[in-house]
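Subject: A structure for you to explore

Hi there,

Here is the structure I promised to pass on. Have a look around it first, then read my notes below.

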Amino acid sequence: ARIVDPGGDEDERRLEVALRPKRLADFPGQPRVRDQLGLLLEAARRRQRPPDHVLLSGPPGLGKTSLAMIIAAELEQPIRITSGPAIQHAGDLAAILSSLAEGEVLFLDEIHRMARPAEEMLYLAMEDFRVDVVVGKGPGATAIPLELPPFTVVGATTRAGLLPAPLRDRFGFTGHLDFYATADLAAILTRNATLLRIDSTAQGIDEIAGRSRGTPRIANRLLRRVRDYAQVHGKDVVDLGAARAALALFDVDESGLDRLDRAVLDALCRRFGGGPVGLSTLAVAVGEEPDTVETVAEPYLVREGYLVRTPRGRAASALAWKHLGLTAPATAVG
Ligand code: ATP
């Protein structure tokens, strides 16, 4: 896996548990979502009723799971955690829903990947706090309604656009998480360095934060690698020198681009004169599958304005030329 992959595997998620902020007040960044959620939770507390269902959308690694846990902690309620891919049959969901306690928080990660029949059951449960349990098969089948105590669904998705409108409409509040400012990432890293008992300097932390692509999960991972580097080199402090040397070793440049990102830009500029060039041609030039270029490298390059998608293919922006230390042709966009 790439060191700048915003997703994490099981092992990494286990490491992350200790680093998750526990309360809203400890959650740096995302000021809008934090303030909006704070209001929603406070109002629910005063009314002594569960809040509206909450949908959190945004790219991986920005803190959706952490926020779901914070919501439960702020409401002083237990949380049940499951995910869309784990719910393949309506029965899987019925079993979970029928065992929820009053006020409990049900976290549904990757909610856009839930099976269709389960989705329909979820609409009803979210709206009317009811599930219809179907008994029997064929024409003789009967639906027995089962009342549920009020609860709160927190759904998380990287692709809000993929959610069917009826499901999206059942969420009273949608919070969209955005990439973090470098200063917020530095605050997160400073706190985490303390939690992990890592000695650090402000410059070392800033250097890591600036290369973390606005994503706390990547920042945490880079911090661990820089700590490894510092320890192996007998320094035991995450300072500017250790951060620069370790990140050079792992091929993450000053802008957070890795080898694949740079290879894509390099091919675009040097081999195709800046493009536009078709995705599959570009992929062959960097020795990757088109899907890898499109889903792994492109999103960040497009977001940061290095690469532009045009109807005639991919094109390098003036920023891409500059990043490679090349002179942009007058026709380069941006
Ligand atoms: P995914 O969609 O891949 O599950 P996610 O959006 O749910 O990702 P989390 O699992 O909540 O993200 O966060 C990933 C890591 O980043 C965790 O270690 C978490 O502690 C850290 N993190 C995320 N946001 C923050 C934040 N605002 N403050 C501190 N740490 C954060």
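Below is what turned up, starting with the ligand and ending with a pair of strands.

Please keep in mind that this is a predicted model.

The ligand

A good place to begin is the space taken by the ligand, which is the largest pocket. Around the ligand you will find 20 residues, and the closest are Pro28, Lys64, Thr65, Ser66 and Arg217. What kinds of residues make up this shell? There are 9 nonpolar, 5 polar and 6 charged ones. Three helices each supply at least two residues of the shell: H1 (10-16), H3 (64-75) and H9 (216-232).

Now zoom in on some individual atoms. A polar backbone atom of Lys64 is 2.8 Å from an oxygen atom of the ligand. Leu19 also uses its backbone: an N or O atom there lies 3.4 Å from a ligand oxygen atom. With Tyr180 it is the side chain that takes part, placing an N or O atom 3.1 Å from a nitrogen atom of the ligand. On its own the ligand has 630 Å² of accessible area, and the protein covers 98% of that.

The hairpin

Next, find strand S4 (residues 130-135) and strand S5 (residues 142-147), which pair in the antiparallel sense over 6 bridges. To see the pairing up close, look at Val133, which stands opposite Ile144 in S5. The two strands, S4 and S5, form a hairpin with 6 residues between them. In the turn, Gly136 has a positive phi of about 85 degrees.

Enjoy exploring!

Best wishes

Notes: Residues are numbered from 1 along each chain as its sequence is written. This is a predicted model: local features need pLDDT of at least 70, side-chain atom pairs count only at pLDDT 80 or more; totals for chains, interfaces and linings use all residues. Side-chain values use heavy atoms; hydrogens and water are left out. A residue is near a molecule or strand if one of its heavy atoms lies within 4 Å of it. A polar contact is a pair of N or O atoms within 3.5 Å; within protein, one must be able to donate a hydrogen and the other to accept it, and residues adjacent in sequence count only if both atoms are side-chain atoms. Accessible areas come from the Shrake-Rupley method with a 1.4 Å probe; for residues, only the protein chains shown count as cover. On a 1 Å grid over the protein atoms alone, a cavity is a set of points where a 1.4 Å probe fits but cannot get out, and a pocket is an open set with protein on both sides within 12 Å along at least five of seven lines; lining residues have an atom within 4 Å of a point. A molecule sits in a cavity or pocket if more than half of its atoms lie within 2 Å of its grid points. Helices (H or I, at least four residues) and strands (E, at least two) are DSSP runs, numbered from the N terminus. Ala, Val, Leu, Ile, Met, Phe, Trp, Tyr, Cys and Pro count as nonpolar, Asp, Glu, Lys and Arg as charged, and the others, Gly among them, as polar. Two strands pair if DSSP finds at least two bridges between them.
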